[in-house]
Amino acid sequence: MTYLHSIGEYFLMLKGVFGRMTKASVLRNLIFKEINELIMGSLGIVAFLSFFIGAVVAIQTALNLNNPLIPKTLVAYAARQSVILEFAPTFISIIMAGKVGSFITSSIGSMRVTEQIDALEVMGINSKNYLIFPKIIAMFTYPFVIAISMFLGIAGAYTAAVLGGFVTSDQFMTGLQDDFNPFHLTYAFIKTFLFAFILSTVPAYHGYYMKGGALEVGEASTTSFVWTSVVLIVTNYAVTQLLLS
C-alpha cells in the first residue's frame, strides 16, 4: 500500500507541476539556471567516463578475438553497438541519477526542511511548477549530453584500438560503418528523452515530499538514487522490448 500511495502521490505531483504556471520571464531565468547546473555541470564527468569506457570496450573485444577467422573489424562494430545501444543512454543515465538526481533531491529537500516551499505557497506561487518544471525542461536538453557521450565513447574505442595496435585505422572505420542501422540511434534518443523525464521528476518527488531535518535530506538523496536507477532500468527493458523485439 505504501508503494501505491507513493505512485499516486508522484502522479498528483506531476499534475501540480503542469497546473498553475509561474510567470514566463521567471521560468525562463530558472530554466537557464537549471541547464547550467544540471547539464553543463555534468559534461566533464560524462566526457571522462565515455572516452575511457569506450576504450575499455574496444580493448576487451580485441583481446577476446582469438580466432583468426573472425575479422578485426568486429572490434569497431562491437564498440559502436555497445556505446550507442546501451552504454551512452543507459549507463550514463544511471551515473546521472547519482549526480543530478541527488542534487535535485537535496536542493528541493533543503528547501522543504527550511520551510522555503511553505513560504512560496504562502506567497501564492505554485511551488511544484516553480521548483520542478524548470528542471524538467532543462533535462530535455539531456540528449545533447548523450550525443557527446556517443561520440567520445567511439573516439575512445578508436584511440585504444588503433594506438594499441589491435586494428588498423582502415579496419576500425570499416567496422564502424558495417551493417549500421539508423534506427538504433532513434531508439537510443527515444530512451534518452524518457530517461531525462525520469531523472528530473523522480528525484524531485523524493525531495519535495521528504520529512525531517538535515539527516533526512541525505537519506532522501540515497533513496532517490536507488529508485531512480530502478525506474531507469525497468523503463530501459520496456522500451527495448517494444522497439527492438
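## A helical chain, seen from two residues

Leucine 152 sits in helix H7, which covers residues 142–163. Keep in mind that we're looking at a predicted model here. Setting aside neighbours within four places in sequence, leucine 152 is in contact with Ala47, Ser50 and Phe51. Those three partners fall within helix H3, given its range of residues 43–63, so H7 meets H3 at this spot if contact is taken as heavy atoms within 4.5 Å. Glycine 98 is another matter: its C-alpha atom is separated from that of leucine 152 by 21 Å, with the two positions 54 residues apart along the chain.

Now over to helix H3 itself, which is home to threonine 61. Is threonine 61 buried or exposed? Its relative accessible area is 18%, so it counts as buried, the cut-off being under 20%. The threonine 61 side chain also reaches back to its own helix, coming to 2.7 Å from the backbone oxygen of valine 57. Beyond the residues up to four places away in sequence, threonine 61 touches Leu74, Val75 and Ala78.

Both residues also fall inside stretches that UniProt marks. Its unreviewed entry gives the feature "transmembrane region" at residues 38–63, 83–104, 136–163, 183–205 and 225–244. Here is how two of those spans look in the model:

| Span | Distance between end C-alpha atoms | Helix | Strand |
|---|---|---|---|
| Residues 38–63 | 37 Å | 88% | 0% |
| Residues 225–244 | 27 Å | 100% | 0% |

Stepping back, what does the chain as a whole look like? There are 10 helices and zero strands, so reading along the sequence you simply get α-α-α-α-α-α-α-α-α-α, with helices taken as DSSP runs. Along the principal axes, the C-alpha atoms fill a box of roughly 70 × 40 × 35 Å.

How much of the chain is buried? Of its 245 residues, 45% count as such. Contacts reach a long way in sequence, too: among those between residues at least 6 apart, 86% join residues at least 24 apart.

On the outside, the chain exposes about 12200 Å², and carbon and sulfur atoms supply 70% of that area. As for charge, there are 13 positive and 12 negative ones, and their mean positions are 7 Å apart.

Conventions
Residues numbered from 1 in each chain as written. Predicted model: local features only at pLDDT ≥ 70, side-chain atom pairs only at ≥ 80, totals over all residues. Heavy atoms only, no water. Helix = DSSP H or I, 4+ residues; strand = E, 2+ residues; numbered from the N terminus. Buried < 20%, exposed > 50% of the residue type's maximum accessible area, 1.4 Å probe, protein only. Areas by Shrake-Rupley, 256 points an atom, 1.4 Å probe, with all protein chains shown as cover. Lys, Arg positive; Asp, Glu negative; His and termini not counted. Charge placed at Lys NZ, Arg CZ, Asp CG, Glu CD. Polar contact = N/O pair within 3.5 Å; in protein donor to acceptor, adjacent residues only side chain to side chain. UniProt positions renumbered as here; feature names shortened; annotations may be inferred.
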